[in-house]
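Open the model in a viewer and keep the selection tool at hand. The tour below goes from stop to stop, saying what to select and what is found there.

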Amino acid sequence: MKTYFLASLAILLACYYVGSAFAADSGAGEVEMLVFPDAYSAGSVSNGGTISGVVKFEGDMPEMKVLEITKDQAVCGATEKYDESVVVGEGNALKNTIVYLIDVSKGKDFDKATKLEMDQKGCKFTPHVQIVPVGARLTMLNTDKVNHNVHIFSSINKPVNKQQTKNRRKMPLAGVKKAEGPVSVKCDIHGWMSAWIAYIPHPYFAVTNEKGEFTLEDVPAGTYKLGYWHEACGTNSGSPASVTVEAGGSVTQDFTLKLK
Amino acid sequence: MKKLSLFTICLIVLVGSWVVLRFAIGGIVSVPIPGSVIAMYMGLIIIAILVHISVEDSLFREFLRPIRETLVEDRRQVRRRVIAVLIPLFLLGYTYSIIAQRANPPGSPRDAHPSPPLELTYKDEVIGTMQDVVNPFRHYEKDDPEAFKAHVENGRRVYYQNCFYCHGDHLDGQGHFAPHLQPLPANFQDPGIIPNFQEAFFFWRIAKGGPGLPAAGTPWDSAMPIWENHLTKDEIWDVILFLSEYTGYQFRTFGEAH
Amino acid sequence: MKNRNVTLLMLVLGIVVGTLRCAVTYAQNAPEASEKGKEVYDQSCAHCHGTEGRGDGSAAENLLPRPRDFTRGLYKIRSTESGQLPTDQDLFDIITIGMPGSSMPGWETSLSADDRWEVVAYIKTFYDGFKAGEAPREISLDGKIPYAEQSVETGKGLYVELGCVECHGNIGRGDGTSAPTLTDEWGFQTWPANLAQSWNFRGGADTEAIFKRFIGGIAGSPMPAFEGDSFLHFGLTVEESKRLTELENKDEMTETEEAESEKFYEKMDAAVNLALNRTEGIELTAAEQQTYDDAMQVVYEKSWHLANYVKSLAPEQRPEPAIGKNVLRSQYVQDALPGMEDPVWETLQARHFPLVGQIVIEPRQFNPTIDSVDVKSFYNDTEVAFLFTWDDRTHTIGDETDETTGKPLEDALAIQFPVKVPQGPTAPKPYFLWGGRLPVYLWHWKASTPEQVTELTAKGINAAEVQEAQGALQAQGVYTDGQYKLWVKRALKTDDKKDLQLDPGVFVPIAFSAWDGANGDVDAKRVVSSWYTFVLEPVPSSRRFVYPPLIAILSLGLLFGLRAAVQRRNSVS
């Protein structure tokens, strides 16, 4: 009897580990994940430093694929839509890269005033990459007067799958419990629509703009691992950049990424 | 209360027995009884009634009395007229239904256990005579249980990648494609299947599929593929091992009585 | 007396205990996970669901829908709210009944109830969310709105309003414009349910089951749940919602209308906020809970109407296949045969021919999307006309090509006959897959040329030849709302020796092949049927008006004769 109990316990544990190990790399398939600190304590930061830089794309600028608009032409097909997995601007600036502190354990709190919105105008998610603090509500906008279906392929948190009917201009989504991501966002109705959401546990995350620029402000003085994530170029989690921030100082760290 | 006449009692016994056979026994107690069986029982009951009423002259006369009364007596006029209408009407309807009955499609007689050829082949390669060929991996069962297990596991893989669509997860012939196939796929859980055949017979049926059947097996109807086109010889032997391992049935071996 | 009382008491006790036992077995919980559960799972489930429950067993590759991956705790068929785990009973029921339209069989006859419970316990070990042991929130079936025309009508309106049409199509045949691009959360292609084929509903087709799929969603699939935070006009009463829809559908609102709608939006925002709080685990006050419950009541009410509408779209059961008494009989008409749109077709009951994936010859189709073809037929003294209908979620006319063969992918149907009808039941027929040693005669229709049917002669699935003499057939085909309708007419007799010649009263073997281009069907990759039969139903013999009256008169005569005989005998005695 006892051996049975022990055996089932062992199996249970084994399955638990196998299961959780799998859960960590399932869902988004090949896409690599961000690395989050085990714990983070938020407080006020005085005399923090700034990390900024530019992310560039190495190699020939890939041609942006025109997406095939298969329905709702009047609204969705009004302008041409492109595959936004790699968006390169002037001077090879790489947009939509997440740059973040990997090993920060203490620092400022989230700016609660930041509006968290993702628009679906013209049957396209804007922004393409959105960072959302854990627990915060992201509002999905629909001004198109077409039906959308917001499907967020979370695996650590519960997946989100919500119909946003054509007249529903705003649809707030419940805050999530755990840091995760980035996870894929799709619209089941318009198969070409694609975006990414990262649920972040601390505010030291930035997404590069069309000039490839990012800025992390109010960083407490210290030495940090600076990581990046890009949908098509992957991450540097294996060998992150090391940056040292001095109190009140600013430091620059640029990255050059190429396709995986 | 008026005493029932013998004729009425006989009628009640007759109709009552039919109701009991058709609905009570063949419905509530067990599955419906075939019409021919019911007809046989009814015949026996009629004979019993006839014997009963004909043992004594008086009894027989008593039995015929209501019939005679109905036919001639004035006080039975209403009953007589009703019967004179009902019986011809019933016969009219019955004959019409028989004559107007639509023709039914011909059945397709099929030999479920067709006789195999004398020689077992894989593609064009002759393996041996049907009687002598044994599963080359069967001996591992005693000699090398580990190797045997590996073959069974490979057979399991082969089965679930190829066979289970029709023959089912549980090898019971109820795969998700099965309900719409005619003839139905074989049910290996049926105790009359595996124990009645040698492994070589199964090899033949698997390797050559439906088109390899003799005419009596209606080879044109069977959806069993010619598996030698998809599987290796070893894979077929492995899947045969798996069939008996999973079901627990032993294939017939040479020398045993049929 | 005392004894009697005791007996009575025992009887009552027995009944009470018996009922309790029933109640207990009804909502049972799984036992602790054990070795036995693993043993049963490995023997019966692992080949599809994988030894580690990831849905990656050796058979998984060729299956669509894919076997479920148990490691994420996402279960499609639940009696619990969205985002909740299934109850043990849910898992037990799915194992017991299986999932129609998928490769998941019911295990009721092949595994004992105890074994099935053991498997439930074992499956739960694949996802640690089950370990918390919290009872999932179950969907209440109270307040069910009974099936009625009015409810169906209301549901029909909601079907459009809620956007069901996007995937399930105008009248529910799964032909929505978004249907071809759907994937599940594992990235595998998935097709929306054809609501006209309720026999393929994975979780059963009763109204309660349909209702549960709305409130609970179908986890892992693109089917969203009807939840507070996303449901249309959540927080408004039915009347308010109606009014807001009116306002929203206006091209432009006046200022007062704008203000009116704004008030509605504020009310909705407040209710949505409560729903979000609830999802996030923030406890609601009693008043808030009441507001939420009231709002949810409307969601439930609308869902029942919608469930009734969905229920109305399909027959109660799959029609009986066209064998035995359901064999296809072409009906005789004296005049010209009806054209495709002639209402006279409605007077015939269609005969149902289920189709299965062709998995005998490469390339094979393991995941068919065409379920069946329904057939009606009329004939007159010179010609025969057929009306074929079959559901296909997509209208594919060869714009895209198959990667391996380079051939255009397009929807098609082929009707197969033997060239010569076998004489007698034991006479050989051609091989059911487009013939073999004996040839078959085929009518091949393609969606790109809907007015044309090509006559083929084939001696094998890859050995078909276009007949030299064409033009014997008239055809017309249309595609509407996820359904093809094909009308074909031919003379009973032709001059071509390679054609089948038709005579009334002769049972002719018939079989079908169908292709769904969007499902990759091309060449041998298709769905097929085995041989069925059809007959030009002979005009009933006129003898049926002669013999029955004759027999009736005879029997009457017999009765009179008997009476006369008895009378004579009486007078004699």
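**Chain B and its two domains**

Start with chain B: the C-alpha centres of its domain 1 and domain 2 lie 56 Å apart. To show the two parts, select residues 6–99 of chain B for domain 1 and residues 119–247 for domain 2. Keep in mind throughout that this is a predicted model.

**A hairpin in chain B**

Next, select residues 119–122 of chain B, which form strand β1(B), together with its antiparallel partner β2(B); four bridges join the pair. Strand β2(B) covers residues 125–129. At one of the bridges, B:Y122 is matched with B:E125 of β2(B). The two strands make a hairpin, and two residues lie between them. Pick B:K123 in that turn: its phi is positive, about 50°.

Now stay on β2(B) and look at its surroundings. How many of its five residues are buried? The count is zero, and the strand is hardly covered.

**Where chain C touches chain B**

Show chains B and C together. Two pairs of chains are in contact, and of these B and C share the most contacts. Chain C brings 47 residues to this contact and chain B brings 42 residues. On the chain C side, select β3 (356–357), β16 (532–536) and α12 (547–572), the elements that each give two or more residues. Helix α12(C) has the largest share of that side, with 13 residues. Colour the chain C side by class, and 27 residues are nonpolar, 15 are polar and five are charged.

**Where chain C touches chain A**

Hide chain B and bring in chain A. Here 35 residues of chain C are in contact with 37 residues of chain A. Select α2 (35–44) and α10 (255–280) of chain C, which are the elements that give two or more residues to this side. Which of the elements gives the largest share? That is α10(C), with four residues. With the class colouring kept on, the chain C side facing this contact has ten nonpolar, twelve polar and 13 charged residues.

**Chains A and B**

For the last stop, show chains A and B without chain C. No contact joins chain A and chain B. To see the gap, find the closest C-alpha atoms of these two chains, which lie 22 Å apart.

Conventions. Residues are numbered from 1 along each chain as its sequence is written. Chains are lettered from A and ligands numbered from 1 in the order in which they are written. This is a predicted model: local features need pLDDT of at least 70, side-chain atom pairs count only at pLDDT 80 or more; totals for chains, interfaces and linings use all residues. Two residues are in contact if their C-beta atoms, placed from the backbone, lie within 7 Å. Ala, Val, Leu, Ile, Met, Phe, Trp, Tyr, Cys and Pro count as nonpolar, Asp, Glu, Lys and Arg as charged, and the others, Gly among them, as polar. A residue is buried if 20 or more other C-beta atoms lie within 10 Å of its own, exposed if 12 or fewer, and partly exposed in between; C-beta atoms are placed from the backbone. Two strands pair if DSSP finds at least two bridges between them. Domain bounds come from an automatic or database domain assignment.
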